[in-house]
Structure formats: C-alpha cells, structure tokens
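Biologist: Could you zoom in on one part of this model and talk me through it slowly? I'd like to see how the pieces hang together, and I'm new to this.

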Amino acid sequence: MAGVTRWTGREAELLRKAMRKTQKEFAELVGVNPRQIPRWKSRAETIELELDNQAALDTLLAQAEPDVQQRFATLLTERAAAEHDERAEELLRRDPSTRRHPIDGKVMALVEEGIYLSGPDNRAVWLEPFFIDVYPTTNEDYAKFVQATNHRPPQHWPDGRCPAALATHPVVWVTWHDATAYARWASKALPTARQWEKAARGPRGRIYPWGNEATAAKANTAEAGIDATTPVSRYQSGVSPFGIFDMCGNVWEWCSTEEEPGNGRYHLKGSAFTSPIERAAPSLMNTAAASMKDNDTGFRCAMPA
C-alpha cells in the first residue's frame, strides 16, 4: 500500500489501531515522545504532522504486514462510508483497491482478476476483476433510490419513510426485482453468485470470510441472539480478505445468478440473523423465487472494474 501524502492525527490513530499497538509502543515505532500520540488523537484531523513524522508513518505503513495494511484500508473505508469524510475519501482515491460510486455514494472494493476456489469442493474458477459494495445496501441508501424513482418503499418503513434508527441497517423486505431496480438506478448490477463468493472467501478458499473456524462472534447469525438486523459496519473482525463487511449473517443477499435458466429462482448468499453459523459459509447455495421478500433478505451491488 502506498504511503499517505499528508498525515493528520486521525490517520495516525487509525494506523495505530490497524497495527494493534499501545500508544507507547506506537510512539517508539514512529520515534516520538509518547505524549505526542494522545495529542495527535485528540486533535484528529485538525493537526497536520511534521514532515519527519509523516515520513516515519509512510515507512511504517509501507513495511507493515499485508493484514495490517488491509486493516488500515478497512478503517479508512469504514470512516468514509459512515461519515462521508472528505479527508478519508481523498486517501481512498489514492488506493486503487477502493472507490466511491458516483450515483449511490457507496464505497466499493476491488476484487482482482484471477483464480479463486469455488463451492464446497473448492473448484478453481477464473473471474475477471470487479468492484463490489463494501457494505450491504442500507435503508438509508435505499431511501435515496425510493426518493429518486418513486419506487415502492419496503413494508417495514412507517408511512413509507426510512426509520432513523435503521438508517445504517441493511434494507430488507425487498424482492429480487426490487434489488435489480436499485442496481439499474445506480448503474450497477447484482453480483453473480461466483463474484459474491470470491468477494467473501478470497482467492484461497477460506470457509468463512475471516478464516476456517465457525466463529459466531464474528457475524450476526442466530447464535448472537439478537434476532434482528444490525448496523452494517458492526462486525469489523468478520471482514473478508478484500475488506468487505457482512458477508456472513445479518441478511441473505440476492445475486443475479438464476438457479436454472428461466425458472425464476435466484441465488441468495451469506445467511442472516435467522440462520445458524453453519449456514453462513459463502460456498453454500440457497435460492428463492424472484418475488420472495422477507425480514432477513437484502442485497449489495457490483460492477465491472
């Protein structure tokens, strides 16, 4: 990952979190007095660091392990998506692995071309590069679409309006047709089942986005006992190798792939808060009629790279 051209206290704090260092340990790595770190944190984006500090942070980031670089990129992405933070967006634009879509404003992650291991039997499959939404489509996202197109709002919105308490939760009660209409409005598409699976598992065929252990604490599945959707950025430890959130649990997600040509049933991926963790493995297949809608079914979008 390339160095950041201009570090503020806020980016320095995100790097410290990505490296999982205490303030004292991080100060030693940067070569500053430990009292500087809380000062940078409190001043956030209002303080631009000295040139020697900036160079030290650039070096730390460039020499960091890939998982640290990925966590740093994920933290920047999350901040940009949640806060519409212009500074974070500026940094993300320098990272070719992410971009903000010009129509619906969602941050998208690049899934590079190449082979990945697909299905329960881990067959090698080649895919062209594509971008996919880092987060599922939220109620807030869907509200923009409804307002722009006069499309029918979901049935769980009181008086047809997006509930403020659910703004950052994935939209539900949407059919495959509703999801496809949103994707067309945004000049995107629903991901194919293979695209979705690669984005979730990475190229090396992880069973779950985070690894091979069925760790219920990393996703909103039935074991969590929440029995409802959660904010799409909640499960940071459950992100995929591409930094993509909620690929297990929270809501089932519609794909563009039909079960059989012409039968009107489409793939659903990822499981939901109603599902046990064993059903959350991205390699598993589930399908439903295009007209189906439920309180645990939503979607995200993709587009060619």
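Modeller: Let's start with Cys255, keeping in mind that this is a predicted model. Could Cys255 pair up with another cysteine? The closest cysteine sulfur belongs to Cys301, and it sits 11 Å from the sulfur of Cys255, so that's too far for a bond. A disulfide would need the two sulfurs within 2.5 Å. Cys255 is also tucked away, because its relative accessibility is 0%, which counts as buried. Now try Cys162: its closest cysteine sulfur is again in Cys301, but 17 Å away, so no bond there either. Cys162 is partly exposed, since its relative accessible area is 26%. The final tally by that rule is zero disulfides.

So much for sulfur. Let's move on to helix 8, which spans residues 176-185. Which of its residues are buried? They are Trp176, Asp178, Ala179, Thr180, Tyr182 and Ala183. There's a handy bit of background here: an α-helix has 3.6 residues a turn, so residues three or four places apart point the same way. As for neighbours, the buried residues of helix 8 pack against helix 7 (139-149), and also against strand 6 (252-258) and strand 7 (265-269).

Have a look at both ends of helix 8 too. Where it starts, Thr175 reaches over with a side-chain oxygen, coming to within 3.2 Å of the backbone nitrogen of His177. Just past the other end, Ser187 has a positive phi of about 60°.

Now stay around there and find Lys188, because this is where charges come in. There are ten salt bridges in the structure, and Lys188 takes part in one with Asp104, where the N to O distance is 2.8 Å. That pair ties together distant parts of the chain, 84 residues apart: Asp104 is in the loop between strand 1 (98-100) and strand 2 (107-111), while Lys188 is in the loop between helix 8 and helix 9 (193-201). Are these two side chains' residues buried or exposed? Asp104 has a relative accessible area of just 1%, so it's buried. Lys188 is buried as well, because its value is 9% and the cut-off is under 20%.

Lys188 has another partner, Asp133, and in this salt bridge the closest N and O atoms are 2.8 Å apart. This pair also links distant parts of the chain, with Asp133 in strand 5 (residues 130-133) and Lys188 in that loop after helix 8, 55 residues apart. Asp133 is buried too, as its relative accessible area is 0%.

Back inside helix 8, remember Asp178 from the buried list? Asp178 makes a salt bridge with Arg152, with the closest N and O atoms 2.9 Å apart. Arg152 comes from the loop between helix 7 and helix 8, so to speak reaching across 26 residues of chain to Asp178 in helix 8. The two ends of this bridge have contrasting surroundings: Arg152 is partly exposed because its relative accessibility is 48%, whereas Asp178 is buried, at 4% relative accessible area. Elsewhere, Glu13, Arg16 and Lys41 are joined into one network by salt bridges that share partners.

How values were computed
Residues are numbered from 1 along each chain as its sequence is written. This is a predicted model: local features need pLDDT of at least 70, side-chain atom pairs count only at pLDDT 80 or more; totals for chains, interfaces and linings use all residues. Side-chain values use heavy atoms; hydrogens and water are left out. Buried means under 20% relative accessible area, exposed over 50%, partly exposed in between (1.4 Å probe, protein chains only). Helices (H or I, at least four residues) and strands (E, at least two) are DSSP runs, numbered from the N terminus. Contact means heavy atoms within 4.5 Å. A polar contact is a pair of N or O atoms within 3.5 Å; within protein, one must be able to donate a hydrogen and the other to accept it, and residues adjacent in sequence count only if both atoms are side-chain atoms. A salt bridge is a side-chain nitrogen of Lys or Arg within 4 Å of a carboxyl oxygen of Asp or Glu.
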